[in-house]
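Please look through the sequence and the model before you begin, and try each exercise on your own before you read its solution.

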Amino acid sequence: MIDLQKIQKELWENKVSKGFNTEDVTLEFCFTFGELGEAFQAYRKKLPDLGEELADVMLYLLSIAKMVNVDLEKETINKLEKNKKREYQKINGVNMRTKDA
């Protein structure tokens, strides 16, 4: 299993040592949005760097989580468990949630 906290620590140390943003959460969300756009373009154009672009998105998410003191690993595990308990049904061709966790 991947250790998100270890990756988060390494990426944070890299940001600090290289003088990248570590304080402006809004800016970090904007950068994340930009990276997601780059990932979409790589997917749409079938470019070979799709994986790298997706990794950029993940790194920015981990950075935001650090900035706002959220344990993203714990929250991801909790969300997966919550999603497993939800029930869905196709209604008029659309997958609709019929029971929440």
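Two exercises with worked solutions follow. The model is a predicted one, in which local features need pLDDT of at least 70, side-chain atom pairs count only at pLDDT 80 or more, and totals for chains, interfaces and linings use all residues. Residues are numbered from 1 along each chain as its sequence is written, and side-chain values use heavy atoms, with hydrogens and water left out.

**Exercise 1.** Work out where Asn21 lies and whether Asn21 is buried or exposed.

Solution. Begin with the position: Asn21 lies in the loop between helix H1 (4-18) and helix H2 (25-44), where helices are DSSP runs (H or I, at least four residues) numbered from the N terminus. Next, take the relative accessible area of 17%, which makes Asn21 buried because buried means under 20%, exposed over 50% and partly exposed in between (1.4 Å probe, protein chains only). Finally, turn to the surroundings: the side chain of Asn21 reaches the backbone oxygen of Asp24 at 2.9 Å.

**Exercise 2.** Find which residues form the aromatic pair and describe its geometry.

Solution. The structure holds 1 aromatic pair, formed by Phe31 and Tyr60, with 5.9 Å centre to centre and 55° between the planes. The pair counts as tilted, since rings of Phe, Tyr and Trp (its six-membered ring) pair if their centres lie within 6.5 Å, and planes under 30 degrees apart count as stacked, over 60 as edge-to-face and the rest as tilted. Phe31 lies in helix H2 and Tyr60 in helix H3, so the pair ties together parts that are 29 residues apart in sequence. As a last step, consider accessibility: Phe31 is partly exposed at 37%, and Tyr60 is partly exposed at 22%.

Key
Helix = DSSP H or I, 4+ residues; strand = E, 2+ residues; numbered from the N terminus. Polar contact = N/O pair within 3.5 Å; in protein donor to acceptor, adjacent residues only side chain to side chain.
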